Amino acid sequence: MWERVCRSDEVTPDEPMAVTVKGREIGIFRVADRLYAIDNICSHEYASLTKGFVEGTVVECPLHVAQFCLKTGQCLKGPATAPVATFQVAEADGQVSVLIGE
């Protein structure tokens, strides 16, 4: 089910957006006019990825510098080893929505 999570103008390349959908923390990132949605919590330890450093389509965890691909959720650099979930994201009529299962 698609869930509206924020306004389009709330997500900028410099300011990712953290949202909670059905009890799950999701990070919304804008890179070169494209949106990506991933689990906002690092798979290594509890840290918000939206507070990390973004370069291209890679986000670096602010706690222990693990890196994740925004496109696939794949862990690119430890200490994390597990990927994070990714979600389909859409932008229409000034709104951002993510597709999340029950």
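At 36% relative accessibility, R24 counts as partly exposed, a class that falls between buried (under 20% relative accessible area) and exposed (over 50%), as computed with a 1.4 Å probe on protein chains only. The model is predicted, so local features need pLDDT of at least 70 and side-chain atom pairs count only at pLDDT 80 or more, whereas totals for chains, interfaces and linings use all residues. Residues are numbered from 1 along each chain as its sequence is written, and side-chain values use heavy atoms, with hydrogens and water left out.

R24 is a good place to start, as it leads to the charged pairs. Its partner in a salt bridge is D39, with the closest N and O atoms 2.8 Å apart; the term stands for a side-chain nitrogen of Lys or Arg within 4 Å of a carboxyl oxygen of Asp or Glu. D39 lies in strand 4 and R24 in strand 3, so the pair ties together parts that are 15 residues apart in sequence. Strands here are DSSP runs of E with at least two residues, numbered from the N terminus. D39, at 14% relative accessibility, counts as buried. In general, side chains of opposite charge can pair when their charged atoms come close.

The structure holds 5 salt bridges. One of them joins E3 and K22, whose closest N and O atoms are 3.8 Å apart. Because E3 belongs to strand 1 (residues 2–7) and K22 to the loop between strand 2 (17–21) and strand 3, this pair ties together parts that are 19 residues apart in sequence. E3 is partly exposed, with a relative accessible area of 23%, and K22 is partly exposed too, at 42%. Strand 3 also takes part in a salt bridge between the side chains of E91 and R30 (2.8 Å, N to O). Here E91 lies in strand 9 and R30 in strand 3, so parts that are 61 residues apart in sequence are tied together. R30 is buried, with a relative accessible area of 11%, whereas E91 is partly exposed at 39%. Elsewhere, R7, D9 and E10 are linked in a network of salt bridges.

Attention now turns to the nonpolar residues. A nonpolar core is a set of buried Ala, Val, Leu, Ile, Met, Phe, Trp, Tyr and Cys residues joined through side-chain atoms within 4.5 Å. The largest such core has 15 residues, and those with the most contacts inside it are I38, C42, L49, V59, F68 and L70. Strand 3 (24–31) and strand 4 (34–39) each supply at least two residues of this core. Apart from it lies another core, of 14 residues, among them C6, V21, I28 and A37. Within the largest core, C42 can be followed in detail: leaving aside residues up to four places away in sequence, C42 touches A47, L49, C61, A66, F68 and A80, where contact means heavy atoms within 4.5 Å.

F68 also leads to the sheet, since the bridge partner of F68 in strand 8 is C75. Strand 7 and strand 8 pair in the antiparallel sense over 2 bridges, and two strands count as paired if DSSP finds at least two bridges between them. They belong to an open sheet of 4 strands with the order 5-6-7-8 and antiparallel pairing. Its edge strands are strand 5 (53–55) and strand 8 (75–77), each pairing on one side only.

The loops around this sheet hold several details of their own. P62 sits in the loop between strand 6 (58–60) and strand 7 (67–69) and is partly exposed, with a relative accessible area of 44%. Not counting residues up to four places away in sequence, P62 touches A47, S48, K51 and G52. P62 and L49 are 13 residues apart in sequence and 6.9 Å apart in space, C-alpha to C-alpha.

V65 is found in the loop between strand 6 and strand 7, and its phi is near 60°, a positive value in a residue other than glycine. V65 is partly exposed at 36% relative accessibility. D93, in the loop between strand 9 (86–92) and strand 10 (95–99), has a positive phi of about 50° although it is not a glycine; at 80% relative accessibility, D93 counts as exposed. A cis peptide bond joins G78 and P79, with omega about 25°, and P79 is found in the loop between strand 8 and strand 9. For context, most residues other than glycine have a negative phi, and most peptide bonds are trans.
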